[in-house]
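Me: I would like to go through this protein model with some care, taking one question at a time. Could we begin once the sequence and structure are in view?

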Amino acid sequence: MSQVEIISTSSSVDLGVTNREPSGHSDGLSWTTNILVDNLSSSPTLRLTASQPRGANINIDENIFPSLPPLLHGHPSIHLRNGVMNASRAAANRDPDAERAFFVADLGQVYAQHLRWQACLPDILPFYAVKCNPDPYVLRLLAALGTGFDCASNGEISQILDIGVDPSRIIYANPCKAVSFVRNAGKLGVDMMTFDNIDELYKISRAHPRAQLVVRILADDSKSLCAFNTKFGASLVAVPGLLRKAKELNLNVVGVSFHVGSGCYDPSVYTDAVMRAKTAFDMGTEAGYHFSVLDVGGGFEDASFEQAATFLTDAITTYFPDRHGIKIIAEPGRFYVSKAFSLATNIIARRAPVTEAPVNDEHSGRPAVMYYINDGVYGAFNCILFDHQTVHPYVLSIGGSFHVAASEPVTNSSVWGPTCDSIDCVCPTTQLPGALRVGDWLAFDNMGAYTVCAASQFNGFEVSKVIYTTGGFAASEVRGVLAKFVEDGHNC
Ligand SMILES: *Cc1c(COP(=O)(O)O)cnc(C)c1O
């Protein structure tokens, strides 16, 4: 059975929106699923789709983890469309939450990134940065694939230990920790942790003297969306003093870490960072240590990953020609998840000029048409504020159809979140079809990093739920990896 056929071509679902304004472009209010199917089969992304056999054990298959939502089959675009159709059914049934926004997460995409990592950086063990997206499926998949984890708090550490990961696969990579958290890490057997200041050394010597310490040094973070240097990292000048103090306190320092900043758009900064790490290694030798861990941090971007990997590999070859006895790890976050999540949002309100053909308001300079959607910067789009992202909406459904004609005229528009705060702006200006109306759906891709994890419920709006699929890429491998993880007795 092909993926496309999962959506019945014979059914037509009423949109469930009454009082819909006539928009001139639409030939009805029901889903024209034949268009949907045509549209899907001509979509270039769907050529990747491998047919997933749907055997009799489909339900068991979808519930690999009984405590989690089902893991569906099929390309994410199918589930975006299914979600929209389910919403219209729910609206017809007067479900109070019918049109809520939802994510579709494609675990095949996370797996694809892991393969990319292994192909480009085979000698660097990734410790996934949990804060980026602590999604329960993502964590289980990465655990099953053998990655380590970068945790920053008691909560993140328990989340990883609870799925059956050995504490030796965790680096507690927060250089400024609460004493009680350090003590708890010691109790749980999480030994590897970072530091960048003297006070941290005093705390660790009291609370977890057996810890294996990694000194976090400053790296050039000026080429990143989120710089960290203002908050973390010891300058190289400070490192010898820190190491002397560590020695005095009888602490074990095992290596060096850095972070070039999150969302690094100039991967050449890795070269300088590895050079500094080498200097810190030499300082370690001077202080009487024998360092064995080089932690190259995170910052890896999807678009420039291969380039970053080349800079990193070359720098390691240059500055660490003899890598014997040195374990190299990294803390990628964004790289693994950003592309794996898409978000579907419903247009809940619209403000447009009374005239038929909207024009831009020349005096204010702001777009004439304003769309209000049901997730915003207090929710998934917090990435706009905290992670300095810009997001790009596209039409998921318009006038009851998933098909947007190429000739559809567009208007300069803005997109806003649902709360009563004016900071809640998703897109200050973007081109969208002028025919979009309340009830239509906008989608956003690349919504996996620093989105769900920092969403609030401000103003009573719930965090958007996630629909999971193995997607088109390597679906059976991903399911196999997860099934084996359970079989191996992991506590899930
Ligand atoms: C946030 C963070 C990461 C992950 O950064 P990405 O840019 O998402 O790869 C890694 N390490 C530390 C210490 C972090 O704080």
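Me: Is Cys420 buried or exposed?

Reply: This is a predicted model, and the residue in question carries the "active site" annotation in an unreviewed UniProt entry. Cys420 is found in the loop between β16 (410-416) and β17 (425-433). Exposed is the word for a relative accessible area over 50%, and Cys420 has a relative accessible area of 76%, so Cys420 is exposed.

Me: Where does His79 lie, and is His79 buried or exposed?

Reply: His79 has its place in helix α3 (residues 76-92). Leaving out residues up to four places away in sequence, His79 touches Leu72, His73, Gly74, Phe102, Val104, Ile467 and Thr469. The cut-off for a buried residue is under 20% relative accessible area, and His79 comes to 6%, so His79 is buried.

Me: Which parts of the chain does the aromatic pair of Tyr137 and Tyr468 tie together?

Reply: A search of the whole structure finds 19 aromatic pairs, and one of them joins Tyr137 to Tyr468 in a tilted arrangement, at 4.4 Å centre to centre with 50° between the planes. Because Tyr137 belongs to helix α5 (residues 136-145) and Tyr468 to strand β19 (residues 465-469), the pair ties together parts that are 331 residues apart in sequence. Tyr137 is buried at a relative accessible area of 0%, and Tyr468 is buried at 5%. The parts asked for are therefore helix α5 and strand β19.

Me: How many residues apart in sequence are the parts tied together by Phe305 and Phe335?

Reply: Phe305 and Phe335 form a stacked aromatic pair, with 4.0 Å from centre to centre and 25° between the planes. Phe305 is buried at 0% relative accessibility, and Phe335 is likewise buried, with a relative accessible area of 0%. Since Phe305 lies in helix α11 (residues 305-319) and Phe335 in helix α12 (residues 334-337), the parts that this pair ties together are 30 residues apart in sequence.

Me: Which aromatic ring has Lys247 lying over its face?

Reply: For a charge to count as sitting over a ring, NZ of Lys must be within 6 Å of the ring centre and within 35 degrees of the ring normal. Lys177 offers one case, with its charged end over the ring of Tyr172 at 5.5 Å from the centre. Lys247 offers another, at 4.2 Å from the ring centre, and the ring is that of Tyr289.

Me: Between which domains does the largest nonpolar core lie?

Reply: The largest nonpolar core has 113 residues, and Phe149, Phe258, Leu294, Phe300 and Phe381 are the ones that touch the most other members. Helix α10 (residues 269-286) gives the largest share of this core, namely eight residues. Because both domains give residues to the core, it lies between domain 1 (57-106 + 338-469) and domain 2 (108-337).

Me: How many residues make up the other core, which lies apart from the largest one?

Reply: Phe258, a member of the largest core, is in contact with residues including Ile217, Tyr270, Leu294 and Gly297, once its neighbours within four places in sequence are left aside. Apart from that largest core lies another, whose members include Ala87, Phe102, Val104 and Trp441, and the number of residues in this other core is eleven.

Terms used: Residues numbered from 1 in each chain as written. Predicted model: local features only at pLDDT ≥ 70, side-chain atom pairs only at ≥ 80, totals over all residues. Heavy atoms only, no water. Phe/Tyr/Trp six-rings, centres within 6.5 Å; stacked < 30°, edge-to-face > 60°. Helix = DSSP H or I, 4+ residues; strand = E, 2+ residues; numbered from the N terminus. Buried < 20%, exposed > 50% of the residue type's maximum accessible area, 1.4 Å probe, protein only. Core = buried A, V, L, I, M, F, W, Y, C linked by side-chain atoms within 4.5 Å. Domains from an automatic or database assignment. Contact = heavy atoms within 4.5 Å. UniProt positions renumbered as here; feature names shortened; annotations may be inferred.
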